[in-house]
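Here are my notes for someone opening this one for the first time. Have a look at the picture, then read the points alongside it.

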Amino acid sequence: MKWSSLFRKFFSRVRTALERQLKMGNWKPLVSGDSNGVCLLAGSEKVTKQRAESLFDFTKWLSCFMFFSCYPSAPYERKIMAMDLILIMLNIWPVVPDLSDNKDGSCPETTLYPYSKSFTKPDSTLLLVGSIVDSWDRLRVDAFRVLLHFPTPLPGICSPDLVRKVVILAKKLVCSPRVRESDAGALMMRLVFRKD
């Protein structure tokens, strides 16, 4: 689709622009509203810093808006658009920060991470697992693909008891004579085997 390639280019350019400003030292992203990340600059550097901060804030807001558009009773059009955009954004910005750039293995405060802290919380994971049981094929597959980007083990499904409950539910769904339910069960089983 045209709009998906447009957003792919948009997110890629946003990331490139923000990384450039970060490497040049003109801007540092604020971590949870902390003003210690702000460097005081004058003139055109101050304008550049403000633009970078606005762009980063917009990207963070957009990721939250897309995620909150996936609520359980959301209309199909809203949910599918949000899931597609989340997938595009996850391909540009991984949910799990890459620590290979750090020699000491710690997560730097200046990492470009345009997702809210609640994006990978257990409730968010369970919301997306619930989307796997949706009645629309494309939504089920997109929810599965989004969850593949999440950390391993999946937040909220990391204890053996919770994994067992998910497997039992998936087995019940796989045995269903309805195609959409058996597909949902198969996707849940694939998810459990890949992530746990």
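The points below go from the whole chain to a few spots in it.

1. First, keep in mind that this is a predicted model. The protein chain has a mean pLDDT of 85, with 86% of its residues at 70 or more. Among the elements, helix H5 (residues 137-148) comes out highest, with a mean of 95, while helix H2 (residues 44-68) comes out lowest, at a mean of 89.

2. Two stretches call for some care. Residues 32-37 have a pLDDT below 50, and this stretch makes four contacts in the model beyond its near neighbours in sequence. Residues 104-109 also stay under 50, and for them the model has seven contacts beyond four places in sequence.

3. What is the chain built from? It has seven helices and zero strands, so to read it from the N terminus you get α-α-α-α-α-α-α. Of the 196 residues, 39% are buried. Take the contacts with a separation of 6 or more: 65% of them link residues 24 or more positions apart.

4. Start the tour at helix H1 (residues 2-24). With 23 residues at 1.5 Å each, H1 should span 33 Å, and its end C-alpha atoms are indeed 33 Å apart, so the two figures agree. Ser4, Phe11, Val14, Leu18 and Gln21 are the buried residues here, and their cover includes H2 and helix H3 (76-92). Right after H1 comes glycine 25, with a positive phi near 85°. For background, most residues other than glycine have a negative phi.

5. Next, leucine 55, which is located in helix H2. Is leucine 55 buried, partly exposed or exposed? Its relative accessibility is 25%, and because buried means under 20% and exposed over 50%, leucine 55 counts as partly exposed. Leaving aside residues up to four places away in sequence, leucine 55 touches Val14 and Leu18, both of which are on the buried list of H1. The C-alpha atoms of leucine 55 and leucine 18 are 8.1 Å apart, although 37 residues separate the two along the chain.

6. Now go to the other end, to helix H7 (residues 179-195). H7 has 17 residues and reaches 24 Å from first C-alpha to last, close to the 24 Å expected at 1.5 Å a residue. Its buried residues include Glu181, Ala184, Leu187, Met188, Leu191 and Lys195. These buried residues of H7 pack against helix H4 (122-131), H5 and H6.

7. How do H5 and H7 lie relative to each other? Their axes come within 11 Å and cross at roughly 5°. Angles under 35 degrees count as roughly parallel, and therefore H5 and H7 are roughly parallel to each other. On the H5 side, the contact is made by Arg140, Val141, Phe144, Leu147 and Leu148; on the H7 side, the residues include Arg180, Asp183, Leu187, Arg190 and Arg194. By class, this contact has seven nonpolar, six charged and no polar residues.

8. One last spot to look at is the peptide bond from threonine 152 to proline 153, which is cis, with omega near -5°. Proline 153 is in the loop between H5 and helix H6 (160-174). Most peptide bonds are trans.

Terms used
Residues numbered from 1 in each chain as written. Predicted model: local features only at pLDDT ≥ 70, side-chain atom pairs only at ≥ 80, totals over all residues. Heavy atoms only, no water. pLDDT = per-residue confidence, 0-100. Helix = DSSP H or I, 4+ residues; strand = E, 2+ residues; numbered from the N terminus. Contact = heavy atoms within 4.5 Å. Buried < 20%, exposed > 50% of the residue type's maximum accessible area, 1.4 Å probe, protein only. Expected span 1.5 Å × (residues − 1). Axes fitted to C-alpha atoms, helices over the stretch in contact; angles between N-to-C directions. Parallel < 35°, antiparallel > 145°, perpendicular 65-115°, else oblique. Nonpolar A, V, L, I, M, F, W, Y, C, P; charged D, E, K, R; others polar.
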